[in-house]
Structures are given as structure tokens and as C-alpha cells.
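Visitor: Could you take me through the surroundings of the ligand in close-up? I'd like the chain as a whole for background, too.

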Amino acid sequence: MNPKILILGPPGAGKGTQSERLATEFDVEHVTTGDALRANKEMDISDMDLEYDTPGEYMDQGDLVPDVVVDAMVEEALSDLDGFVLDGYPRNGDQAEALREMTDLDVVLVLDVPEEELVDRLTGRRVCEDCGANYHVEFNQPEEEGVCDKCGGELYQREDDNEESVRNRLSVYHDNTEPVLELYEDHDGYVEIDGDQTPDEVWDDVRSAVESNA
Ligand code: AP5
Ligand code: MG
Ligand code: ZN
């Protein structure tokens, strides 16, 4: 059986970076609501009677996309998977409750990183437009500037990686998602990880946490 892994932590903690490695190492699917929503930014949700008509309008400001949209995406994505690493969900108590009804989890990882560090990580992030790999202009540079090491794709800066959206994302995290961590503290396989180390050092801790709990 492949492990069912949940990875939690603030924007910029390294969830995407570590999830890529988990997916390869443990042969599981990387299910990420952020990437799924970015691929559907222009989706017409006007019939749902929400504040905005597309997910992108919430995302560019750093606000949460409404639960009805996100819950359905995750349920669909997890429905035929054996193992996975789930990144970006749940982000509030209602989503955590929805997830509890969808699946069980073998490992719950929490990446801990101080807030000052997060702003620098996010404003310097670059993402591959083809495979989604994450880089950083200073902390995690590709071999050739602007080009993905893994697939040769072009690197771009996310619309929500400007200082204003970043500050809003951190405050949304603090108000909505931080309280969710408490719901998992007593869960089997719950491990807090020091995310304020190099990506390779974090990976050593992440890998051993999964190995000893899956
Ligand atoms: P999402 O895409 O999930 O963004 P996020 O939660 O803000 O998290 P990030 O992807 O920014 O951070 P990460 O932890 O993956 O960090 P990364 O590995 O890239 O969500 C975007 C938006 O979608 C939300 O704002 C919301 O609108 C919507 N959304 C998504 N899910 C939703 C949900 N469930 N409900 C409602 N709305 C939802 O690393 C960051 C940078 O740091 C990179 O440059 C990387 O190279 C670098 N780095 C990584 N590790 C290290 C390290 N150890 N040391 C130094 N640098 C590092
Ligand atoms: Mg991410
Ligand atoms: Zn790529």
C-alpha cells in the first residue's frame, strides 16, 4: 500500500518543494489544490451565487476560494487514488471535516518556518510553467537562469507572489488554517518538521517521518 500523506504549513513553507520529492520517492500522486485551481483560474462558477465568478479573482488577492469549489475538486482527485501527498488542503475547519469523510491518513506532516523567512521565499519564488517545479532566485536556483532543470520549461513568477498578496495570504493562514493544526495534533503519524533548514535537510526529516509512519 502506498502512503496517504497530508502536508501542512504556511504559504512558502516548502509544501510544494517537499511534495514533489515525496511523490517520486514513495510513488504517490501529488494532489495540490493550489495547482489545480491555478489550472482552472477562469472556470465559470457564476451559477454558485458566490462573491466572484472565477477562482482566479480570489487567488490573485490571496483569499480562499469558497469551500464548495475546493471540496469537490479534492473529492474528485482522491477518489481513485491508492496513495497521495495532499498539499494545500484543508485550509479551514469545514474543509478538515470534509476531508475526514473522504479518506483516512497515514502521515500528517507540519512544516514550521518563521514568518520573516516566508516573505523572502515567496517574493523570490519562480515556478516552471510546464511541470510546476519550484525554484528560488537565491535559495534554490536552476542551473540556467529562467529554465527548469527537470523539463526545460520556462520559469515564471506567480501572480500572487507580490508583497501585498503574500501579506494577505499569511494573515488568511493565521486566521483560518492555523487553528486546523490543532485538529491533527493527536492524529496517528503526526510529525512537526523544522522547515527552516536547507531543502535537502528538510527532505531528510520528511523522508524519515514518512518511513517510520507509513
Ligand atoms: P497554494 O498554491 O497552495 O499556495 P500557498 O498555500 O500560499 O503555498 P505556496 O505554494 O505558496 O507555498 P509552498 O509551501 O508550496 O512553498 P514552496 O515549496 O513553493 O494556494 C494558492 C491560492 O489558491 C490560495 O491563496 C487560495 O486562493 C487558493 N487555494 C488553494 N488551496 C485552497 C483551499 N484548500 N481552499 C481555498 N482556497 C485555496 O516554496 C516556496 C519558495 O521557497 C520556493 O521559491 C522554494 O524554492 C523556496 N524554498 C522551499 N524550501 C526551502 C528551504 N528549505 N529553504 C529555502 N527556500 C526554500
Ligand atoms: Mg505550493
Ligand atoms: Zn519543469
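Guide: Let's settle one term before we zoom in: a residue counts as buried when its relative accessible area is under 20%, with a 1.4 Å probe and protein chains only as cover. By that cut-off, 47% of the 214 residues in the protein chain are buried. Keep in mind that this is a predicted model.

Now for the background. The chain's secondary structure adds up to eight helices and eight strands. Its radius of gyration is 16 Å, close to the 17 Å from the globule rule for 214 residues, so the chain is as compact as a globular protein of that length. Along the principal axes, the C-alpha atoms fit a box of roughly 45 × 40 × 30 Å.

On to ligand 1. There are 37 residues around it, and T17, D63, R91, R125 and R169 come nearest. By type, that shell splits into 14 nonpolar, 14 polar and nine charged residues. Several elements chip in with at least two residues each: α1 (15-25), α2 (33-38), α6 (115-123), β6 (134-136) and α8 (199-213). The top contributor is α2, with four residues.

What about polar contacts? The backbone of G88 puts a polar atom 2.9 Å from a nitrogen atom of ligand 1. The side chain of R121 has an N or O atom 3.3 Å from a ligand nitrogen, while R158 places a polar side-chain atom 3.1 Å from an oxygen atom of ligand 1. As for cover, ligand 1 on its own has 1000 Å² of accessible area, and the protein covers 97% of that.

Notes
Residues numbered from 1 in each chain as written. Chains lettered and ligands numbered in written order. Predicted model: local features only at pLDDT ≥ 70, side-chain atom pairs only at ≥ 80, totals over all residues. Heavy atoms only, no water. Near = heavy atom within 4 Å. Polar contact = N/O pair within 3.5 Å; in protein donor to acceptor, adjacent residues only side chain to side chain. Areas by Shrake-Rupley, 256 points an atom, 1.4 Å probe, with all protein chains shown as cover. Nonpolar A, V, L, I, M, F, W, Y, C, P; charged D, E, K, R; others polar. Rg over C-alpha atoms; globule rule 2.2 N^0.38 Å. Buried < 20%, exposed > 50% of the residue type's maximum accessible area, 1.4 Å probe, protein only.
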